[in-house]
Amino acid sequence: DTSTGAIRACVCTFIDSLFRTDHRTKSHMSVLLEPTMSVEIESPSQFIGDILSDLSGHRRGHIHDVSSRGSWSSITATVPLHPLLGYASVLRSMTQGEGSFSMEYLQHQLVDDSTAQSMLTERP
C-alpha cells in the first residue's frame with residue numbers, strides 16, 4: 001500500500017526505531033545503525049586462518065560457519081558493510097589471487113558505543 005497514510009506510518013515507525021528511551025532518565029537517546037552484510041568467502045584452505053583473523057578482528061565480523069571441500073574452504077559470516085569496502089583487493093592479496101567472496105544485504109544493526117564514537121569523529 002503506497003497511500004499517504006501508509007507512508008506516514010512507515011516513516012513514523014522508522015523514526016521511532018532510531019530513538020530509544022532511557023528508562024532511568026525518561027529521555028530519548030539517538031542510536032546509530034549500520035548495514036550488515038551476509039558474506040560467503042571461498043579460498044584455498046591454507047589461507048583460512050588469516051582470513052578468519054581479519055574478519056573477526058579488523059572487520060568486526062561474526063563467523064557462522066567454516067566448511068572444507070578438498071583443498072578449498074568456505075566461510076559464512078555477517079560483517080558490517082563499511083569494513084568490507086575494498087575487501088576484494090585485500091582478500092586477493094591474502095590468498096595470492098585465489099580467494100573470492102560475495103555479499104548481500106542482511107539487515108541494519110545497532111552500532112556499539114565505542115565504534116559509533118570513532119565513526120562520528122572520523123574524517124572522510
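Gln96 counts as exposed, at 61% relative accessibility. In this predicted model, Gln96 sits in the loop between helix H3 (87-94) and strand E6 (100-110). Its backbone is worth a look. Gln96 is not a glycine, yet its phi is positive, near 55°.

Arg60 has a positive phi as well, about 55°, and is likewise not a glycine. Arg60 belongs to the loop between helix H2 (48-58) and strand E4 (62-69). Its relative accessible area is 27%. Arg60 therefore counts as partly exposed, since that class lies between the 20% limit for buried and the 50% limit for exposed. A positive phi also occurs at a glycine. Gly70 has a phi of about 70° and lies in the turn of the hairpin formed by E4 and E5. Two residues separate the strands of that hairpin.

Now step back to the whole chain. It has four helices and six strands. Read from the N terminus, the order of elements is α-β-β-β-α-β-β-α-β-α. Of the 124 residues, 27% count as buried. Contacts reach far along the sequence. Among contacts with a separation of 6 or more, 65% are between residues 24 or more positions apart.

How do the strands pair? E4 and E5 run antiparallel and are joined by seven bridges. Within this pairing, Ile63 has Ala77 of E5 as its bridge partner. E5 also pairs with E3, again in the antiparallel sense, over nine bridges. Here Ser38 is the bridge partner of Thr78 in E5, and Glu40 stands opposite Thr76 in E5. E3 in turn pairs with E6 in the antiparallel sense, over 10 bridges. Met37 stands opposite Tyr105 of E6. The pairings can thus be followed from E4 to E5, from E5 to E3, and from E3 to E6.

E5 is mostly covered. Seven of its nine residues are buried. As general background, side chains in a regular strand alternate between the two faces of the sheet.

Is Thr36 buried or exposed? Thr36 lies in strand E3. Its relative accessibility is 2%, so Thr36 counts as buried, the limit being under 20%. Its neighbours show what surrounds it. Leaving aside residues up to four places away in sequence, Thr36 touches Thr78, Val79 and Pro80. Thr36 also touches Glu104, Tyr105, Leu106, Gln107 and Gln109. With Gln109 there is a polar contact as well: the two side chains are joined at 3.4 Å.

Thr36 and Gln109 also help to line the largest pocket. A probe the size of a water molecule, rolled over the atoms, shows where empty space is left. The volume of the largest pocket is about 150 Å³. Which elements give two or more residues to its lining? They are strand E3 (33-44), strand E5 (72-80) and E6. E5 has the largest share, with three residues.

The full lining is made up of Glu34, Thr36, Arg60, His62, Thr78, Val79, Pro80, Gln109, Leu110, Val111 and Asp112. By type, these residues divide into four nonpolar, four polar and three charged. Several residues met above return here. Arg60, the loop residue with the positive phi, is one of the lining residues. Thr78, the bridge partner of Ser38, is another. Thr78, Val79 and Pro80 are also among the residues that Thr36 touches.

One more loop residue brings distant parts of the sequence together. Val31 is found in the loop between strand E2 (27-30) and E3. Val31 has a relative accessible area of 16%, so it is buried. Val31 and Ala116 are 85 residues apart in sequence. In space, their C-alpha atoms are 8.7 Å apart.

Three loop residues can now be set side by side. Val31 is buried at 16%, Arg60 is partly exposed at 27%, and Gln96 is exposed at 61%.

Note on methods: Residues numbered from 1 in each chain as written. Predicted model: local features only at pLDDT ≥ 70, side-chain atom pairs only at ≥ 80, totals over all residues. Heavy atoms only, no water. Buried < 20%, exposed > 50% of the residue type's maximum accessible area, 1.4 Å probe, protein only. 1 Å grid on protein atoms, 1.4 Å probe; cavity = no way out; pocket = protein on both sides within 12 Å on 5 of 7 lines; lining within 4 Å. Points joined across faces, edges and corners; volume = space filled by probe spheres on them. Nonpolar A, V, L, I, M, F, W, Y, C, P; charged D, E, K, R; others polar. Pairing = 2+ DSSP bridges. Polar contact = N/O pair within 3.5 Å; in protein donor to acceptor, adjacent residues only side chain to side chain. Contact = heavy atoms within 4.5 Å.
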